[in-house]
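Student: Could we go through this model together, with the criterion behind each term spelled out?
Tutor: Gladly; here it is.

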Amino acid sequence: MKIFITGAAGFLGSHLADRMLELGHEVIGCDNYIGGYQDNVNHKMEFHHADCMDLAKMRELTKGCEIVYHCASTAYEGLSVFSPHFVTMNTYQITMSVLSASIENRVRRFVYCSSMARYGFLPVVPFTEEMTPMPLDPYGIAKLASENTIVNLAKVHNFEYAIAVPHNIIGARQKYDDPFRNVAAIMINLMLQGRQPIIYGDGEQKRNFSFVQDCIYCLEKMAFQDNVVGEVINIGPDDEFVTINELAQVIGKLLNMEVKPDYYPDRPMEVKHASCSADKARRLLNYKPNMTLEAGLTEMINYIKKRGVLPFEYHLDVEIKNDKTPKTWTNRLF
Ligand SMILES: NC(=O)c1ccc[n+]([C@@H]2O[C@H](COP(=O)([O-])OP(=O)(O)OC[C@H]3O[C@@H](n4cnc5c(N)ncnc54)[C@H](O)[C@@H]3O)[C@@H](O)[C@H]2O)c1
């Protein structure tokens with residue numbers, strides 16, 4: 001089968017490309033390198049350094065494809081209230097060009113990587129797929145708007161779609177020199193440099209972390225099974241709910257380091273407790289996570305040690321700078 005993967009140099013997209021190649025599929029991939037690493041790219045695929053905004057290019061690359069996995073996005077939830085133009089353009093607008101090209105080329109199934117940010121602030125955890133989402137920031141709003149437009153156009157043009165809602169994925173190949181996102185990767189990169197983790201707020205925010213291979217297991221099924229068509233499915237464990245303080249302590253234990261985090265003010269709109277129910281994934285995808293948090297973090301530590309710790313790269317424009325903008329970014333504290 002011919003499969004197109006956007007964001008193929010990114011964390012999730014590159015692991016997905018590996019898996020699809022392993023299954024014997026012909027894989028076409030693209031990425032503009034805003035977020036991924038060049039060494040994530042599996043050269044057994046036909047890879048294009050291309051921007052998803054380029055509609056003509058998306059039309060060329062989706063030609064003859066049966067499945068499209070749209071993984072590309074600027075997954076910068078915290079930054080999105082300060083750089084709404086950049087984040088929404090590379091989340092909503094690019095989805096429209098990849099979607100339009102896919103429909104034009106009669107792609108059979110469109111698998112969209114949404115995000116738990118779609119839920120936003122809901123008073124009850126864990127979040128289930130039937131709850132009415134209330135996204136709190138431009139990133140979550142753009143993800144939900146993308147989903148809604150996919151549903152809308154599927155009614156008109158009659159293609160299959162499935163929407164994956166992953167959350168807090170960890171593992172090798174995640175960008176770790178990016179000061180704007182990926183809390184576990186940032187902490188490991190800091191602590192391997194002998195520095196203390198930086199935590200926003202009191203660190204009592206709770207999250208579930210999922211291991212990348214467990215997520216790929218679900219994404220694979222979302223392209224090929226009939227029972228997922230038209231479904232939104234949370235992907236990630238609903239046990240091992242940990243605070244950010246606990247996350248820092250677990251990493252400290254694995255690195256044999258005493259942890260005394262540096263605390264900074266809360267970031268605006270950060271959800272305090274976010275956890276998704278995995279019931280639907282268990283029911284439809286037979287989802288059974290195989291990795292514990294400690295095992296996933298160990299793999300990430302080994303990857304960063306092998307690739308080498310890096311200084312943080314302030315590669316993105318913070319569009320709105322005012323008294324609400326985290327000092328960690330304006331004063332480059334990472
Ligand atoms: N990693 C997580 O914890 C997580 C959680 C929830 C949702 N997601 C979603 O899963 C998807 C993959 O996330 P990831 O963690 O692999 O992020 P990532 O940043 O590692 O990968 C995304 C890739 O998309 C590319 N990209 C961004 N804009 C592009 C554009 N305009 N044209 C071409 N390429 C572009 C980036 O360069 C990057 O390589 C994203 O849609 C993200 O929103 C991820």
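Tutor: What follows goes from the sheet to two helices, one glutamate and the ligand shell. The model is predicted, so local features need pLDDT of at least 70 and side-chain atom pairs count only at pLDDT 80 or more, while totals for chains, interfaces and linings use all residues. Residues are numbered from 1 along each chain as its sequence is written.

Student: What makes strands E2 and E3 a pair?
Tutor: Two strands pair if DSSP finds at least two bridges between them. Strand E2 (residues 26-31) and E3 pair in the parallel sense over four bridges, so the criterion of at least two is met. Within this pair, Cys 30 stands opposite His 48 in E3. Strands here are DSSP runs of E with at least two residues, helices are runs of H or I with at least four, and both are numbered from the N terminus.

Student: Why are E3 and E11 called edge strands?
Tutor: Seven strands form an open sheet with parallel pairing, in the order E3-E2-E1-E4-E5-E6-E11. Strand E3 (46-49) and strand E11 (232-235) each pair on one side only, which puts them at the edges. From one strand to the next, the twist averages 15°.

Student: How do you know that E5 is mostly covered?
Tutor: A residue is buried if 20 or more other C-beta atoms lie within 10 Å of its own, exposed if 12 or fewer, and partly exposed in between, with C-beta atoms placed from the backbone. Five of the five residues of E5 are buried. Arg 109, Val 111 and Cys 113 lie on one side, Phe 110 and Tyr 112 on the other, and all are buried. E5 also pairs with E4 in the parallel sense over four bridges, and His 70 stands opposite Tyr 112.

Student: Why does Glu 147 count as buried?
Tutor: Glu 147 has 20 C-beta neighbours inside 10 Å, so it counts as buried. Glu 147 lies in helix H4 (residues 138-157). Leaving out residues up to four places away in sequence, Glu 147 touches Tyr 112, Ser 114, Arg 118 and Ile 163; contact here means C-beta atoms, placed from the backbone, within 7 Å.

Student: How do you know that the length of H6 agrees with a helix of 13 residues?
Tutor: The expected span is 1.5 Å times one less than the number of residues. For H6 that gives 18 Å, and its end C-alpha atoms are 19 Å apart, which agrees. H1, with 12 residues, reaches 17 Å from its first C-alpha to its last, close to the 16 Å expected.

Student: What does H6 pack on?
Tutor: Helix H6 (residues 212-224) packs on the sheet, touching E4, E5, E6 and E11. Its direction makes about 170° with that of E6, where axes are lines fitted to C-alpha atoms, for helices over the stretch in contact, and angles run from 0 to 180 degrees between N-to-C directions. Among the buried residues of H6 are Val 212, Cys 215 and Leu 219.

Student: Which helix gives the most to the shell around the ligand?
Tutor: H1 does, with three residues. In total, 32 residues surround the ligand, and the closest are Gly 7, Gly 10, Gly 35, Gly 36 and Ser 73; near means a C-beta atom, placed from the backbone, within 6 Å. The shell divides into 16 nonpolar, 13 polar and three charged residues.

Key. Two residues are in contact if their C-beta atoms, placed from the backbone, lie within 7 Å. Ala, Val, Leu, Ile, Met, Phe, Trp, Tyr, Cys and Pro count as nonpolar, Asp, Glu, Lys and Arg as charged, and the others, Gly among them, as polar.
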